[in-house]
Amino acid sequence: MPHPRAQVVLHPDFQVGEIDRRLFGSFVEHLGRAVYTGIYEPGHATADEHGFRRDVADLTRELGVSVVRYPGGNFVSNYVWEDGVGPRSERKPFIDLAWRTIEPNDIGTDEFLQWAEREGIEPMMAVNLGTRGVAAAAALVEYCNGEAGSRWADLRIANGRVKPYGVRLWCLGNEMDGPWQIGHKDAESYGRLAAEAGKAMKLVDPSIELVVCGSSSMQMDTFGSWERTVLEHTYDIVDHLSMHAYYEELDGDRASFLGSGTAMDRFIRRVVASADAVGAERRSDKQITISFDEWNVWYLASRFPGEKNLPLQRDAPRIIEDVYSGLDAVVVGDLLVTLLNHADRIPVACLAQLVNVIAPIMTEPGGASWRQPTFHPFAETARLARGAALDLRVTAPTTSTRQHGDVPIVTAAATWDQGADGDGDVALFLVNRSSEPVEVDIAHPGLTLALTGGVQLVADHEPAVPGPEHAARVIDRCLSSVAAPDAGQDGARTTLTLAPESWTAYHGTARR
Ligand SMILES: O=[N+]([O-])c1ccc(O[C@@H]2O[C@@H](CO)[C@H](O)[C@H]2O)cc1
């Protein structure tokens, strides 16, 4: 039997849009060991003078993360930011109701923003619209971005930081549609509060960009009507609408799990349609863009007991430290393909999260740090995807899945970084979701393409086991470099074969 075949048409004149570097963001929440013994661990052998782990910062840099969202997540909806600034000796621990954990308040706004600044990361801050409101949100913007001479900016200066941080991206709360959220609201109440908080925040600093909460997932009962109602209140004040999505393999349904990228694609199309419908009714020329500020593989339904079933804990407990397989990494690669293909509407996205909590980077307290298999597709995509995302035409056979109906067996994204004289760098990301090899014919009329090599990640069948040794073994087995395709690299066509259940990234150059 010949292998299934797929066709890709690629031309640099057909573009989705420029890639915003903020597409390669991540997320650090006060949750489990993300902050304490994650990014921060005074006394660790690699800790810098501020108590932050150098090994984790180095891995973060290698991951290629552009933006980091902070301090939550669910955590932000009961956070009093004022209690986390100023002299540490005066800060008091409190019960974080979101994760039922005693928060020591050792790390707050200043420590996080200064860490981000030292590491060359753009911060994305969230304000509490669960238990708090307009005044506290506007005060936090003033604390972060205000010049000397007003109350909250002067407090920052008294706390040792003269220069404003210039935080550009702001989330108006987090997942306010979720019944688990502290201070959960219906769309009407949230929409009105977000509009007023956003208005006040922009009066403090008109240069900021605001993200309003969309649905926590496409499965929420209020999905669609939530977006419409919230945007009816906030359309003129906000810039981005948030999307969150987590995917997992359920009941051994591998085909549906491998098709997660198609589910994400449909979710994006629906949210874009909802936002544009509100814009159309208003006859508005403004386009709301998407901040996909939580996405990942998370064994949420199958392994997470639920927030309210967590015991009350202290000292950075281990919460949702998912261990990832080669299969999970292939799906992460495919989700990145989906995000690239929507680069025109998604300027911001955050892999949730960065360290220890559903994360590409893991640590042991007082010990090692290491990469999970999911680290690699993210790092490679962030490194190779430059310039504009191309509007590829992909034709592939479909396979039927229990959760998503028919999904294509091959997905692809490509980027084009224009150089001088019509030359450019090309990156090509390809996923084969089927369990047999697939031949891909790439037509690139008018373009001489020279793919020079790449990396390939294949799915495994073994259950993931915690620890650095296992992660290293999985990566060793599943990740390899691939040579330039040997077949058919001629003037206008390139042919290559994709390994079963794999994600591959090629790079090369092209000349018109
Ligand atoms: O679908 N759910 O049941 C569900 C439950 C919790 C949930 O929380 C989100 O994910 C958490 C971890 O990143 C963030 O703190 C929060 O924003 C997101 C989705």
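**A ligand held by glutamates**

An oxygen atom of the ligand lies 3.1 Å from an N or O atom in the side chain of Glu 175. The model is predicted, and this pair falls inside the 3.5 Å limit for a polar contact.

Two further glutamates offer pairs of this kind. In the side chain of Glu 29, an N or O atom is 2.6 Å from an oxygen atom of the ligand. Glu 294 places a polar side-chain atom 2.6 Å from a ligand oxygen. How much of the ligand does the protein bury? On its own, the ligand exposes 440 Å², and the protein buries 89% of that area.

Now widen the view to the shell. It holds 15 residues around the ligand. Glu 29 and Glu 294 are among the closest, together with Asn 174, Tyr 246 and Gln 353. By character, the shell splits into seven nonpolar residues, four polar ones and four charged ones. Where does the ligand sit? It occupies the largest pocket.

Step back to the whole chain. Its secondary structure comprises twelve helices and 25 strands. The radius of gyration is 23 Å, and the globule rule gives 24 Å for 512 residues. The two values are close, so the chain is as compact as a globular protein of that length. Along the principal axes, the C-alpha atoms fill a box of roughly 70 × 55 × 45 Å.

Note on methods: Residues numbered from 1 in each chain as written. Predicted model: local features only at pLDDT ≥ 70, side-chain atom pairs only at ≥ 80, totals over all residues. Heavy atoms only, no water. Near = heavy atom within 4 Å. Polar contact = N/O pair within 3.5 Å; in protein donor to acceptor, adjacent residues only side chain to side chain. Areas by Shrake-Rupley, 256 points an atom, 1.4 Å probe, with all protein chains shown as cover. 1 Å grid on protein atoms, 1.4 Å probe; cavity = no way out; pocket = protein on both sides within 12 Å on 5 of 7 lines; lining within 4 Å. Sits in = over half its atoms within 2 Å of the grid points. Nonpolar A, V, L, I, M, F, W, Y, C, P; charged D, E, K, R; others polar. Helix = DSSP H or I, 4+ residues; strand = E, 2+ residues; numbered from the N terminus. Rg over C-alpha atoms; globule rule 2.2 N^0.38 Å.
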